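Below is a briefing on the fold, surface and backbone of the structure shown here. Points are grouped by topic.

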Amino acid sequence: MAKLIGGLGTSHVPSIGAAIDKGLRDTPDWKPFFDGYIPGQEWVKEHKPDVAVVIFNDHGNSFFLDKVPTFAVGCAEEYRPVDEGWGPRAIPPFKGAVDFSWHFIDTLIESRFDPMICQEIEVDHGIQVPMELFWGRPAEWPVRVVPIFVNVIQYPIPLPSRCYEMGRVLRQAIESYPTDERFVILGTGGLSHQLQGARAGFVNPQADQAFLNDIATDPEKLASMSREQYVELFGSEGAELMMWLVMRGAMDRDVVVRHKHYFVPASMTGAGMIVMENKATASPAVAA
Amino acid sequence: MEEKPGQDRIPDTPLFDRKRSLGGYRINKMAMGLSKPENREAFKQDESAYLDRFGLTPEEKEAVMTRNWREMVRLGGNLFFILKISAVDPVRITEIGAHQAGMDHDDFLRNRLGKKV
Ligand SMILES: [Fe+2]
């Protein structure tokens with residue numbers, strides 16, 4: 001059966017992609033941010049996942065307000081970068097793990113989760129930036145992807161606990177998938193930021209740091225928080241952090257944190273990264 | 001679309017709820033259009049005519065044409081859509097933030113984002 005080898009969390013701020021595009025990686029504003037991801041990139045290189053399940057939100061690029069799926073799952077052969085207003089970014093298209101996507105959709109429906117099914121869809125920075133942060137800029141991506149889109153823009157948005165529950169179903173789908181492929185799950189978004197209203201520019205480094213601890217040690221606490229609490233603590237757009245719970249819900253209660261990084265502000269956002277493995281199956285090399 | 005004061009439970013934090021989504025539909029649809037190159041060109045050539053295509057009210061048009069971000073958001077514009085205006089008429093996201101916060105840009109960077117400027 002397929003195997004879950006790690007849970008990764010990361011911000012997906014669009015300015016990160018723009019900074020790479022403009023060659024600003026090593027400027028004083030950005031270097032400390034990008035350097036913090038080096039251990040995450042090394043982890044990925046060492047553990048060689050075959051498939052990356054990426055949970056993110058579309059930011060008014062692939063979906064407009066005419067149709068807003070609460071949860072959508074991609075099952076396309078290929079996902080091209082969407083034109084967000086500046087033209088599609090020059091990064092390679094992502095190859096889809098089509099067969100697993102369908103298996104996951106089956107498992108979801110059988111578990112009373114009813115996602116929108118997307119056979120043809122372009123993708124925005126929500127998935128692009130996390131892929132670039134962990135895999136850099138290869139000529140071709142060395143993993144196939146399964147995009148999970150979560151609506152965190154148009155209210156009512158889903159409950160944090162629902163995201164966590166979806167993670168459990170994802171785990172079940174991976175462990176019932178009859179190949180020996182290695183899976184990672186990327187929970188993306190956040191951390192604290194607010195783009196709208198007079199509180200624009202709100203960041204909360206203390207809450208962000210606490211989140212990076214709790215996501216490993218006390219995910220139930222994060223799953224039981226209300227949407228309003230997320231908005232209050234992390235800002236109106238920072239509430240998207242709840243998407244990390246899909247990733248965390250797929251992992252065991254006990255995890256080992258391999259790497260962690262926090263930097264503020266990346267553009268207008270508290271930016272963070274985490275790499276976790278299930279304790280029971282953690283790789284021995286660094287398990288000391 | 002009038003905003004009742006105190007309606008948002010978290011101060012100065014407009015949630016994109018049913019009321020805002022309904023009220024802001026025209027502005028957001030217009031802005032969503034800017035993800036097509038031909039529409040960006042049309043916006044550049046004749047902004048007023050482009051906005052008319054989406055049936056914007058005079059109030060909405062005024063907010064867009066004066067780049068009054070705070071007002072666009074008050075009218076139901078959502079940043080993820082209206083940000084596309086900055087692809088045609090460049091402005092930094094931090095300037096949009098500072099404008100909504102009613103702060104000078106440097107002051108915004110220092111006091112909201114904790115940057116040393
Ligand atoms: Fe996002």
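In which strand of chain A does A:P265 lie? A:P265 lies in β9 of chain A, a strand of residues 255–266. The model is predicted, so local features need pLDDT of at least 70 and side-chain atom pairs count only at pLDDT 80 or more, while totals for chains, interfaces and linings use all residues. Residues are numbered from 1 along each chain as its sequence is written, chains are lettered from A and ligands numbered from 1 in the order in which they are written, and side-chain values use heavy atoms, with hydrogens and water left out.

**Chain A: fold and surface**

- Chain A holds 10 helices and 10 strands, where helices (H or I, at least four residues) and strands (E, at least two) are DSSP runs numbered from the N terminus.
- The radius of gyration of chain A is 17 Å, which agrees with the value near 19 Å of a compact globule with 288 residues; the radius is taken over C-alpha atoms, and the globule rule is 2.2 Å times the number of residues to the power 0.38.
- Along the principal axes, the C-alpha atoms of chain A fill a box of roughly 50 × 50 × 40 Å.
- Of the 288 residues of chain A, 63% are buried (buried is under 20% relative accessible area, exposed over 50%, partly exposed in between, with a 1.4 Å probe and protein chains only).
- Contacts (heavy atoms within 4.5 Å) between residues of chain A at least 6 apart in sequence join residues at least 24 apart in 81% of cases.
- Chain A has an accessible surface of about 10600 Å², with 52% belonging to carbon and sulfur atoms; areas come from the Shrake-Rupley method with a 1.4 Å probe, and for residues only the protein chains shown count as cover.
- The side chains of chain A include 25 positive and 37 negative ones, and the centres of the two sets are 5 Å apart. Lys and Arg count as positive and Asp and Glu as negative, without His and the chain ends; each charge is placed at NZ of Lys, CZ of Arg, CG of Asp or CD of Glu.

**Chain B: fold and surface**

- Chain B has 10 helices and zero strands.
- Chain B is as compact as a globular protein of its length, because its radius of gyration of 15 Å is close to the 13 Å that the globule rule gives for 117 residues.
- Buried residues form 52% of the 117 residues in chain B.
- In chain B, 43% of the contacts with a separation of 6 or more are between residues 24 or more positions apart.
- Carbon and sulfur atoms supply 49% of the about 5900 Å² that chain B exposes.

**Helix α6 of chain A**

- The 16 residues of α6(A), 160–175, should span 22 Å at 1.5 Å a residue, and the end C-alpha atoms are 23 Å apart, which agrees; the expected span is 1.5 Å times one less than the number of residues.
- Buried residues of α6(A) include A:C163, A:Y164, A:G167, A:L170 and A:R171.

**Backbone exceptions**

- Most residues other than glycine have a negative phi, and most peptide bonds are trans.
- The peptide bond from A:Y155 to A:P156 is cis, with omega near 5 degrees, and A:P156 is in the loop between β7 (144–150) and α6 of chain A.
- A second cis bond runs from A:V264 to A:P265, with omega near -5 degrees.
- B:D12, in the segment before α1 (18–23) of chain B, has a positive phi near 60 degrees and is partly exposed at 49% relative accessibility.
- B:R67 has a positive phi near 50 degrees, sits in the loop between α5 (58–65) and α6 (69–74) of chain B, and is buried at a relative accessible area of 18%.
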